[in-house]
Amino acid sequence: MVLDLKDVYLTSWNIFKKSWWQYIIVTLILMACMFVPYVGSILQFFMMLLVLNAALKAVKGEDISFSSFFDFKKVFTVKSIIFVVIFAVYSFIMQMGVDSVVISLILAVIGIAISIIFYPIMCVIIDKDLNVKDTILHAATLTKGVRFEIVIVMILNLFIGFLGVLLLIIGVFVALPVIIATTAVVYSVLEKKNSAPVTTAE
């Protein structure tokens with residue numbers, strides 16, 4: 001396996017543990033965005049990018065302070081705004097079939113497939129200076145050959161999120177940052193795999 005799951009989740013936990021109170025405060029803000037009328041989901045998207053950006057810095061070995069979670073220049077870009085529109089259209093399309101069980105099932109399967117293929121796309125948005133098309137293509141390239149492993153990560157993340165909800169909701173403020181950190185760690189591993197030189201037998 002390309003992804004050592006034990007190492008991925010241990011690294012994610014250590015990232016959270018090192019700056020736990022900052023992650024909890026920012027996650028609280030992220031959750032509060034749900035209650036903002038009309039633009040709550042958009043604010044959540046950008047808050048997610050801010051937390052992910054901090055996690056990416058931690059993965060790269062940079063020191064994290066509270067201000068690291070509010071690197072607005074890195075997150076509020078023309079490209080990220082374009083992706084907000086794309087995700088909004090995607091969400092609208094996914095909701096079109098809510099009155100039909102068959103259509104809802106088809107759209108759900110399509111949505112899951114897209115989530116697997118483009119799993120690290122939010123990291124690519126932040127970390128790479130690419131245009132929209134190349135961002136999408138790069139995200140898909142990173143998951144080639146490891147999509148089954150991505151499925152396992154997504155299932156484990158769902159379990160962690162469910163466990164967080166069970167722990168009197170308070171656990172969500174631990175589970176969500178760990179899940180976001182996991183995305184950053186997986187992206188880092190896939191980037192290293194993608195940039196590794198290909199050796200050929202002579």
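Which residues does Thr135 touch, not counting residues up to four places away in sequence? In this predicted model, the residues touched by Thr135 are Lys79, Phe83, Ile121, Val124, Ile125 and Leu130, when residues up to four places away in sequence are left aside. Thr135 is found in helix 8, and with a relative accessible area of 0% it is buried, because the cut-off for that class is under 20%. The neighbouring position in helix 8, which spans residues 132-143, is taken by Ile136. Ile136 has a relative accessibility of 28% and therefore counts as partly exposed. Beyond the residues up to four places away in sequence, Ile136 touches Phe83, Phe118 and Ile121, and Phe83 and Ile121 also appear among the residues that Thr135 touches. The C-alpha atoms of Ile136 and Ile125 are separated by 8.8 Å, the two residues being eleven residues apart along the chain.

Helix 8 also packs against helix 10. The axes of these two helices come within 9 Å and cross at roughly 85°, which means that helix 8 is roughly perpendicular to helix 10. On the side of helix 8 the contact is made by His138, Thr141, Leu142 and Thr143, and on the side of helix 10 by Tyr187, Leu190, Glu191 and Asn194. Divided by class, the residues of this contact comprise three that are nonpolar, four that are polar and one that is charged.

A further contact of helix 10, which covers residues 172-195, is with helix 2, which covers residues 20-32. Here the packing angle is about 95° and the axes lie 9 Å apart, so that helix 2 is roughly perpendicular to helix 10. From helix 2, the residues Tyr23, Ile24, Thr27, Leu28, Leu30 and Met31 take part, and they meet Val172, Phe173, Leu176 and Pro177 in helix 10. The contact of helix 2 with helix 10 is made up of nine nonpolar residues and one polar residue, with no charged residue.

Pro177, found in helix 10, has a relative accessible area of 1% and is therefore buried. Leaving aside residues up to four places away in sequence, Pro177 touches Phe16, Tyr23, Thr27 and Val172; of these, Tyr23 and Thr27 are among the helix 2 residues that meet helix 10. Pro177 and Phe162 are 15 residues apart in sequence, and their C-alpha atoms are 14 Å apart in space.

Helix 2 is in turn packed against helix 1, at an angle of about 85° and with the axes 4 Å apart, which means that helix 1 is roughly perpendicular to helix 2. In this contact Ile15, Phe16, Lys17 and Lys18 of helix 1 meet Trp20, Tyr23 and Ile24 of helix 2. By class, five of the residues in this contact are nonpolar and two are charged, while no polar residue takes part. Tyr23 and Ile24 are thus named in the contact with helix 1 and also in the contact with helix 10. Helix 1, which runs over residues 5-18, also holds Thr11, a residue that counts as partly exposed because its relative accessibility is 27%. Thr11 and Val59 are 48 residues apart in sequence, with 8.3 Å between their C-alpha atoms in space.

The largest pocket of the model has a volume of about 1600 Å³. Its lining consists of 40 residues, of which Met48, Phe87, Tyr90, Ser115 and Met122 lie nearest the centre of the pocket. Two or more residues of the lining are given by each of helix 2, helix 3 (40-59), helix 5 (78-95), helix 6 (101-117), helix 7 (121-127), helix 9 (147-166) and helix 10. Among the elements, helix 5 gives the most to this lining, with eight residues. The class composition of the lining is 32 nonpolar and eight polar residues, and no charged residue is present.

Helix 6, one of the elements that contribute to the pocket lining, also contains Val109. Val109 has a relative accessibility of 51% and counts as exposed, because that class begins over 50%. The C-alpha atoms of Val109 and Leu5 are separated by 25 Å, and the two residues lie 104 residues apart along the chain.

Technical notes
Residues are numbered from 1 along each chain as its sequence is written. This is a predicted model: local features need pLDDT of at least 70, side-chain atom pairs count only at pLDDT 80 or more; totals for chains, interfaces and linings use all residues. Side-chain values use heavy atoms; hydrogens and water are left out. Axes are lines fitted to C-alpha atoms, for helices over the stretch in contact, and angles run from 0 to 180 degrees between N-to-C directions. Angles under 35 degrees count as roughly parallel, over 145 as roughly antiparallel, 65 to 115 as roughly perpendicular and the rest as oblique. Contact means heavy atoms within 4.5 Å. Ala, Val, Leu, Ile, Met, Phe, Trp, Tyr, Cys and Pro count as nonpolar, Asp, Glu, Lys and Arg as charged, and the others, Gly among them, as polar. On a 1 Å grid over the protein atoms alone, a cavity is a set of points where a 1.4 Å probe fits but cannot get out, and a pocket is an open set with protein on both sides within 12 Å along at least five of seven lines; lining residues have an atom within 4 Å of a point. Grid points are joined across faces, edges and corners, and a volume is the space filled by probe spheres set on the points. Buried means under 20% relative accessible area, exposed over 50%, partly exposed in between (1.4 Å probe, protein chains only).
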